[in-house]
Amino acid sequence: MKKIYLTIFLFIIYIIANAQQVGLVLSGGGAKGLAHIGLIKVLEDHNIPIDYVSGTSIGAIIGGLYAAGFSPDEMLELFNSNDFKLWSTGKLDREDLYYYKLKDEDPGWAKVDITRKANKIKIVLPLNLVPEQQMDFAFLQLMTSTTAACNSNFDNLMIPFRCVSTDIYNNKAIIHRDGDIGEAIRASMTFPLVYKPIEKDGMLLFDGGIVNNFPTDIMKKDFNPDVIIGHKVSNLSKKPDPEDLFSQIESMVTQITNYNIPDTIGILLESKTDDVSLLDFPKANYIYNKGVETALLQIDSIEKIITRRVSPEEIAKKREEFNMKKPALIFNNIQVEGIENDNQRRYIIQSIKHSQKTIDIHQLHEAYFKLISDEHIKAIQPLAYYNKRTGFFDLNLKVEPRKPFDAVFGGHISTRANTFGYVGLNYKNFNTVAFNISGNVYIGKIYNSLSFGARMDAPTQIPFFISANYTINSWDYLSTASDLIFTNIKPSYVVQNERNFRIEAGYPYVKTGVIDFGFSLSDSKDNYYQTLVFNLGDKLDETSFDAFACHARIDKKRFDYKQYPTAGDRKMFQFQYINGDETFYPGTTSPIQQKTTTKHSYFAINALYDKYFEIRKRLTLGLLAEGVYSTRGLSSNYTEAIIAAPAFQPTPNSKSMYLEKYHANQYLATGGKILFKLNDNLHLRSEVYGFFPIRDFVLGPDNSVSYHNDSFSRASFMGLAAAVYHTPLGPLSAEVNYYEKAGQKWFFSLNLGYMIFNKRGL
């Protein structure tokens, strides 16, 4: 019997000693690396073991996820998700935009920080194309529990793992064997100019592909497996596309790498996806299938080299056992680095925790993106460490405040006369509360403006803001034959000049809404002709209105773009009370030759509903409804009554035109939109709206004005058809607008930028 036991024991020792150990090496290559998932799927389906994994860049991401307990199906689902789309592009989900934190929208294209170094003013340009906030939080969410489960030792992962990044100053490889696995992967995939580098231990870490895009040597040195399966997806031998910036960057920064694996120690597989660019992640399924095809073509050779097998049940059990070790993401202590003083530190911590002892990952997600929406914070790299004593995670935030000064440049360029330029300047500072002082100027043919303002934000249990603004606005509506910038423009027929001082206070209503209250003092002057027949020397009629107004408003907004949105919604309700004096001064063509003064004391209610519904992947429908009810009395003449009445302006172009058919003190308006998305940035849209005055104005003798006896006595329609491409600078559009307008109804234009103006007093 002892002899039998000894034989069994020796046989077990022989099996263990001769069991093949298999290492998997995954190259970098941007989105092409999603083929790695297809390879791993085929290996698992054919019971091929994977005992070690090493990778660079995208290979580090795929290899790290696999080592952390993610199955191939889970990885593919992740890369196909809308979450990953946001991470890889740096776009914030509209659900994560904290509306009350945002300043009033402006037509800015680009923002640059301004700082002072060595007594010189320096403009700090962005150094990365993709904002890192989404990606950094994603790695915290995906990998923090994994780091705790392996006790920060990558040998203790479900699959022992290595990845490589580049110390850019010393131009040497950094091998990641321990520490925070999310930070290690994030460093390995930080492609220069695309993503911001990781700063660790005094080093700036970039993509490992700069020095080692295929870490076979690390696999041999650290694990020395019996067999190595290598998978190459990068093809740097191909000449970069002269029209593809990312292929050129990839060629410049990635050094020539030895991808050879001797037949004696393993096999090299290569998936060719020449039609996939560096950031072509939307082609995830196509790239995945390329990896599957590559693996299936070579599976017979792989099975001959590797004789050991692992069953799906063994892999599933191993994955489940490792995932069970991952603690729940609950955070206790918060530490903040990178800021100047304790008051700033308290501002950040108070914005996250308030009086709570612990917060979970969902609460942290909400607080993190609230801070990201804060214009005082440029970037936050979150890292967390498991505290065995407390059973919670300690959160470490590496905060990069924005420079105190920044400048914003933008505007609107058009083939029509509504072109204008925009420059904004901002000064920011925060301690226990945050302050912002800002100013801007618009310069154009139809619109000019100058504005100064200040805002204070307090991160209390219920956050709130207080703001004050002084603004000068001027609209100069021109009369043209075809309204193009190169046509012969006739004299102005309506000019509006307005000054206002506003004070507002508000607090958040859910994440994407704000409730605010305020008052304003307004001084406006409208100059106009009450006739279509006038000479250049004629003096325009003038109506001034000096008013006090107060308002209460609830506004919930979550569009994906601030102009020509394709998703999201807005719901707004506002109550306003206005009291003021209207004075009319006749011009040389006026049918009324005496000065008149009219007192107005009235209230106005405005409600808006604007929502987009995704019907299919490429088809979206939109619905807009707006209602205004104002008790304002009639003005001294018909023309001023129309100018002073609220206007329905649902399209960007309509905001730059004086369209008398769409003005009324009380009206209902509604319309529909059809959008066809050609890709993430390009879409076709058509919009049709109907405008229905509840009580329409009636022109009387000598240009007097009265209300129509019947409600809804007329209807006016407008439409838009456009092709819109959302560029990094703003929307580029080719559009045709239709209005019920005397003399001309159709308007074609090419446009770049935003039709967004400073606020009026009323």
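In this predicted model, helices α3 and α7 pack against each other at an angle of about 160°, and their axes are 8 Å apart. Angles over 145 degrees count as roughly antiparallel, so that is how α3 and α7 run relative to each other. The crossing of α3 past α7 is left-handed. On the α3 side, the residues that meet the partner are Ala-60, Ile-61 and Gly-64, while α7 brings Ile-181, Ile-185 and Ser-188. Sort the residues of this contact by type and you get 4 nonpolar, 2 polar and no charged.

Now for the empty space inside. How many cavities of 30 Å³ or more are there? The count comes to 7. Here is how the largest and the second largest look side by side.

| Cavity | Volume | Lining by type |
|---|---|---|
| Largest | about 230 Å³ | 18 nonpolar, 3 polar, 1 charged |
| Second largest | about 80 Å³ | 5 nonpolar, 3 polar, 4 charged |

Let's take the largest cavity first. Its lining is made up of 22 residues, and the ones nearest its centre are Ile-58, Ile-61, Met-135, Met-189 and Phe-281. Ile-61 should ring a bell: this α3 residue is also part of the contact with α7. Which helices supply at least two residues each to this lining? They are α3 (58–67), α4 (72–80), α5 (82–89) and α6 (133–149). Of the elements involved, α6 gives the largest share, with 4 residues. By type, the lining has 18 nonpolar residues against 1 charged one.

The second largest cavity has a lining with another mix: 4 charged residues sit alongside 5 nonpolar and 3 polar ones. Among its lining residues are Asp-136, Asp-180, Glu-183 and Arg-186. Phe-139, Leu-140, Ile-198, Pro-382 and Leu-383 line this cavity too, as do Thr-144, Gly-182 and Gln-381. At least two lining residues each come from α6, α7 (181–188) and β13 (377–387).

Which element supplies the largest share of the lining of the second largest cavity? Once again it's α6, with 4 residues. That makes α6 a handy landmark when you look at the structure, since this helix also gives the largest share of the lining of the largest cavity. Helix α7 is worth a second look as well: this helix meets α3 through residues including Ile-181 and Ile-185, and α7 also supplies at least two residues to the lining of the second largest cavity.

Notes:
Residues are numbered from 1 along each chain as its sequence is written. This is a predicted model: local features need pLDDT of at least 70, side-chain atom pairs count only at pLDDT 80 or more; totals for chains, interfaces and linings use all residues. Side-chain values use heavy atoms; hydrogens and water are left out. On a 1 Å grid over the protein atoms alone, a cavity is a set of points where a 1.4 Å probe fits but cannot get out, and a pocket is an open set with protein on both sides within 12 Å along at least five of seven lines; lining residues have an atom within 4 Å of a point. Grid points are joined across faces, edges and corners, and a volume is the space filled by probe spheres set on the points. Ala, Val, Leu, Ile, Met, Phe, Trp, Tyr, Cys and Pro count as nonpolar, Asp, Glu, Lys and Arg as charged, and the others, Gly among them, as polar. Axes are lines fitted to C-alpha atoms, for helices over the stretch in contact, and angles run from 0 to 180 degrees between N-to-C directions. Angles under 35 degrees count as roughly parallel, over 145 as roughly antiparallel, 65 to 115 as roughly perpendicular and the rest as oblique. A crossing is left-handed if the near helix is turned anticlockwise from the far one by less than a right angle, and right-handed if clockwise. Contact means heavy atoms within 4.5 Å.
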